[in-house]
Amino acid sequence: MDASAWAAWAAAVTSLTTLVVTTFVGGRREQHQWARNALTDAFVAFLEASWRHSDLAAGPAGTDAYAEPLLAEYREMRSQLTRLRLLAADGVADAGQSLLRRQRQVHDVPAGPERDEALAAASLARRAVIAAAKKEMGL
């Protein structure tokens, strides 16, 4: 083989190596970006459902029209918590589970001082979820 053949061969190997490395690194970057976006979406949906649940619970109560929207928001939180369990560390899932329990307590207690206490506990648990989310996402 002459020098030009070796040069062509070296160029082909270099191109192939570059292609493999770029594909691997690019694919991992895209996968990481997808996971981060999915995690952000799950955090936002979970927290929005929690706030809607608390807003509903703080309003007038005592009718069937009140109970169903509360339950719908609770179910949404449960669904999003499943996504968080799949995408985030255990600490995030634990904080989310704690908030979900507090929201259920809000749902179960009668209006008045007990509900106000339950809403305050849910608010604290929500802050813990936000802190866990920031930590998980490196913010």
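User: Why is E73 called buried in this model?
Analyst: In this predicted model, E73 has a relative accessible area of 14%. Buried means under 20%. The value falls under that cut-off, so E73 counts as buried.

User: What makes the pair of E73 and R52 a salt bridge?
Analyst: Their closest N and O atoms are 2.9 Å apart. The limit is 4 Å between a side-chain nitrogen of Lys or Arg and a carboxyl oxygen of Asp or Glu. The pair is within it, so the term applies. E73 sits in helix 2 and R52 in helix 1, 21 residues apart, and the pair links distant parts of the chain.

User: Why is R52 called partly exposed?
Analyst: R52 has 37% relative accessibility. Partly exposed lies between the 20% and 50% cut-offs. R52 therefore counts as partly exposed.

User: How many salt bridges does a search of the whole structure find?
Analyst: Three. One of them joins E68 and R75, at 3.7 Å from N to O. Another joins R104 and D108, with the closest N and O atoms 3.3 Å apart.

User: Why is D108 called exposed, and R104 partly exposed?
Analyst: The cut-off for exposed is over 50%. D108 is at 51%, so D108 counts as exposed. R104 is at 29%, between 20% and 50%, so R104 counts as partly exposed. Both residues lie in helix 3, four residues apart, about one turn of the helix.

User: How do you know that the span of helix 4 is close to what is expected?
Analyst: Helix 4 covers residues 113–136, 24 in number. From first C-alpha to last, helix 4 reaches 35 Å. The expected value at 1.5 Å a residue is 34 Å, and the two are close. G138 follows helix 4, with a positive phi near 70°.

User: Which residues have the most contacts inside the largest nonpolar core?
Analyst: F43, F46, L84 and L99, in a core of 28 residues. Helices 1, 2, 3 and 4 each supply at least two residues of this core. F46 touches M77, Q80, L81, L84, G96, L99 and V129, leaving aside residues up to four places away in sequence. V129 is among the buried residues of helix 4.

User: Why is L87 called partly exposed?
Analyst: L87 has a relative accessible area of 28%. That lies between 20% and 50%, so L87 is partly exposed. L87 belongs to helix 2. Its contacts include W34, A38, L39 and E136. The C-alpha atoms of L87 and A35 are 7.1 Å apart, though 52 residues separate them along the chain.

Key:
Residues numbered from 1 in each chain as written. Predicted model: local features only at pLDDT ≥ 70, side-chain atom pairs only at ≥ 80, totals over all residues. Heavy atoms only, no water. Expected span 1.5 Å × (residues − 1). Buried < 20%, exposed > 50% of the residue type's maximum accessible area, 1.4 Å probe, protein only. Contact = heavy atoms within 4.5 Å. Core = buried A, V, L, I, M, F, W, Y, C linked by side-chain atoms within 4.5 Å.
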